[in-house]
Protein chains: 2
Amino acid sequence: MELSARKRKILGILVEHYIHTAEPVSSAEIKELYDEEISSATIRSELAALEELGYLIQPHVSSGRIPTEQAYKLYVEAVLAGEKKEIVVAGVRDYLDRKIVEIEDVVRNTARVISDATNYTSIIVIKNTDEIRIREVKIVEVDVGRALVVIITDSGVIKDNIIEIPVNMGSGYVTAANNVVNDLFAGRTLKEIKSSQTDIEAEMMQYHDIFDKIVMLLEEYASGRHNKVFVEGTSKMFRHPEFSEIDNARDFIRLLDEKERLSDLMKTDDEIELSVRIGRSDGLDGNCALVTARYSIGGTEIGNAGVIGPVRMDYDKVVRVLHYIQKEFNGEDREKEKGNGEIKRREQK
Amino acid sequence: MELSARKRKILGILVEHYIHTAEPVSSAEIKELYDEEISSATIRSELAALEELGYLIQPHVSSGRIPTEQAYKLYVEAVLAGEKKEIVVAGVRDYLDRKIVEIEDVVRNTARVISDATNYTSIIVIKNTDEIRIREVKIVEVDVGRALVVIITDSGVIKDNIIEIPVNMGSGYVTAANNVVNDLFAGRTLKEIKSSQTDIEAEMMQYHDIFDKIVMLLEEYASGRHNKVFVEGTSKMFRHPEFSEIDNARDFIRLLDEKERLSDLMKTDDEIELSVRIGRSDGLDGNCALVTARYSIGGTEIGNAGVIGPVRMDYDKVVRVLHYIQKEFNGEDREKEKGNGEIKRREQK
DNA sequence: GTTAGCACTCTAACCTTCCGACTGCTAACA
DNA sequence: TGTTAGCAGTCGGAAGGTTAGAGTGCTAAC
């Protein structure tokens, strides 16, 4: 059912006011904020109607109203539909422009910037993908029967694992294995390797074992079960009064503790640039909401960055910050010629 | 000042009882737990004396007593001096024995095991050391003017960074640089490299720039500013009633949020195998205590594993669990011949 | 030095009261 | 029909009072 323009306007004022005060909003307060002349009685009757429709609740009969999750969702729709006014976040460029880049540092620092700019806890998930191109596979024998396998891509090292290797082979075994394995893997994506697997098997024979193990590593990687999750600014949650409620605080921390679940929640549909999940109806305990932006360069999805906070969140600000960060990443991209999606990815990874 | 044997005994009973109930302990309760016949009045007079000495406080006049930090410290001394009865923790061996080992996985899982076994939040810090031996340095050009530097050691990859490289050199430049750099670094420890730095400079000349950058990476690594900190089981804090107090909860989470400070707190003196920090007097906010065990193999310090929880912590259990884990690591070591400190390190890293 | 007995203290739980915030309703009005 | 002023009514939260019970400190006797 469609709301009248006035209902929308009143609801919008109420939600925004509540976002900032965290106190139930009375008809008199709305009257103050309303730009035209209107009586509080009229507002009261509209509020009663909005409550009937499920957009508001009254904690008790002699208090003002607070928005329901349904109201937040409507509000967020309006925010997303509106123009994205810029919000400038200092410090992002510094990290992107640095000459020497610790791969994980960039992510961690981006997360910190988002958290500081929004005043909420931020989360970044690096999505593993089987479209990543392998540059080199390095097998280093570190002990009798044990070798370290390092898989290097344009985006940095994606895996380093200890594997067992046969013991009674000659001393040249590892060197030879290195060469064979590199011929097979270097320059290809995991996807390509998987699709051409049978051809390769024939060539391998005596390195069969090592090959299998490396494929296993890559498959585990691409399975996404081990997506890397970075969380920054956990303690910022305590700045928001809903988390003085110990139950909410517990649910919140528990959610952050379960990295796999978090990683799942951060997933967005392929078409969606920015997703907002609000409250229990979207699978979030503890009075939480989660805003997630997808970061992709040249059509390749890199990962998701998001903000988690109370349902009563400043969605407008959060959306702007996430957009700005997105733009910074893309902006740098355009400074260079084509083919540099990979550069971008490197920096984000 | 020395306490009488009876005072010690009463204090011990009180501390242990308080650890389990989290309620002020009355003279009548101690009488129940005391193995000999003794009247509550006698206990009361002893309690009054202990309070006078600063070991106990009364929340209010008509309640029992609770231990002060001073009392916990005395108690912990007794625990550490006593024999370390074994406590078996399932699941540790599984991870150590796995054929394919993701380096970070072992740490994360060890942390999880410690947290589950103790019911407290666990922390593991991997200490960077300049005694680590470099196996190979790999420079991979990933874009014009940019290369990925991967530093491989026995313990896995310690660094992967993007650096800038000169652009107008021939195509063989990177290959040659790889060879030169490897000759210089492979097989040495960072310490050795640092001490022989001047000799090396002469050889380098045209790879001077790359060499400098790699040394920079290694030095930053060894500086310890980027010790890796793993935290598991944060939400377990809510199982303990002191963290229903929102202020304590906030201080606790804030502490975990500040990874650098945490890393500092985890440091132990060289001679100390196991350190216990209790409360504000030891630099911990939020009614916290921190038990840290040093893990070292063959004399080389690997890192610290610890447990953080309320001051009212089950120190006995925590100490046993940390000892058990320590022993498991060492135990595996002894199954193999000498020289396998490196294997161990690999698994812990 | 130890103990029984008792007076005393203080908290936590439970009422009651009261103030004030805000509403819903009614009746009048445009 | 929609809007408004006015007013009675509801309810939460703060403040204050009462009470029961837990546990002590003190005293006097052993």
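Modeller: A polar contact is a pair of N or O atoms within 3.5 Å. Please keep in mind that this is a predicted model.

Colleague: Happy to. What makes A:R44 and a base oxygen of DNA strand D a polar contact?

Modeller: An N or O atom in the side chain of A:R44 is 3.3 Å from a base oxygen of DNA strand D. That value is within 3.5 Å, so the pair counts as a polar contact. A:R44 also has a polar side-chain atom 3.0 Å from a base nitrogen of DNA strand C, which is therefore a polar contact by the 3.5 Å limit too.

Colleague: Which phosphate oxygen pairs can you show me for A:T42 and B:R65 on DNA strand D?

Modeller: The side chain of A:T42 puts an N or O atom 2.3 Å from a phosphate oxygen of that strand. For B:R65, a polar side-chain atom lies 2.6 Å from a phosphate oxygen of DNA strand D. Both values are within 3.5 Å, so both pairs qualify.

Colleague: And what are the phosphate oxygen distances of A:S27 and B:R6 on DNA strand C?

Modeller: An N or O atom in the side chain of A:S27 is 2.7 Å from a phosphate oxygen of DNA strand C, and a polar side-chain atom of B:R6 lies 2.7 Å from a phosphate oxygen of that strand. These pairs are polar contacts, again because 2.7 Å is within 3.5 Å.

Colleague: How many residues surround DNA strand C, and which are the closest?

Modeller: There are 18, and the closest are A:S27, A:R65, B:R6, B:T42 and B:V61. Sugar and phosphate make up 75% of the DNA strand C atoms that come within 4 Å of the protein. The surface near this strand has 4 nonpolar, 10 polar and 4 charged residues, and its largest share, 3 residues, comes from helix α3 (residues 40-52) of chain B.

Colleague: Which of the residues around DNA strand D come nearest?

Modeller: Of 18 residues, A:R6, A:T42, A:H60, B:S27 and B:R65 come nearest. Sugar or phosphate holds 78% of the DNA strand D atoms within 4 Å of the protein, and bases hold the rest. Here helix α3 (residues 40-52) of chain A gives the most, with 3 residues. By class, this surface has 4 nonpolar, 10 polar and 4 charged residues.

Colleague: On to the two chains. Why are B:K138 and A:E136 called a salt bridge?

Modeller: Their side chains meet at 3.0 Å, N to O. The pair joins a Lys nitrogen and a Glu carboxyl oxygen within 4 Å, so the name applies. The rule finds 2 salt bridges across the interface of chain A and chain B. The elements giving two or more residues to chain A's side include β3 (101-102), α6 (103-118), β5 (134-143) and β7 (156-164). β7(A) gives the largest share, 8 residues, and the residues of that side divide into 19 nonpolar, 8 polar and 22 charged.

Colleague: How many residues does each chain bring to the contact?

Modeller: Chain A brings 49 and chain B brings 49. The area buried between them is about 4500 Å², with 56% from carbon and sulfur atoms.

Colleague: How do you know that β7(A) and strand β3 of chain B pair?

Modeller: They share 2 bridges in the antiparallel sense. Pairing needs at least two bridges, so these strands meet the requirement. In β3(B), B:V101 stands opposite A:I162.

Colleague: In what order do the 4 strands of the open sheet stand?

Modeller: The order is β5(A)-β6(A)-β7(A)-β3(B), with antiparallel pairing. β5 of chain A and β3 of chain B are at the edges with a single partner strand each, so one side of each has no neighbour in the sheet. Further in, 8 bridges join β6(A) to β7(A), and A:A147 has A:I163 in β7(A) as its bridge partner.

Colleague: Last one: what makes A:D116 and A:K236 a salt bridge?

Modeller: Their side chains meet at 2.8 Å, N to O. A:D116 lies in helix α6 of chain A and A:K236 in the loop between β8 (228-232) and α11, so the pair ties together parts 120 residues apart in sequence. As for the name, 2.8 Å is within 4 Å for a Lys nitrogen and an Asp carboxyl oxygen, so the pair is a salt bridge.

Notes
Residues numbered from 1 in each chain as written. Chains lettered and ligands numbered in written order. Predicted model: local features only at pLDDT ≥ 70, side-chain atom pairs only at ≥ 80, totals over all residues. Heavy atoms only, no water. Contact = heavy atoms within 4.5 Å. Buried area = accessible area lost by both parts, 1.4 Å probe. Nonpolar A, V, L, I, M, F, W, Y, C, P; charged D, E, K, R; others polar. Near = heavy atom within 4 Å. Polar contact = N/O pair within 3.5 Å; in protein donor to acceptor, adjacent residues only side chain to side chain.
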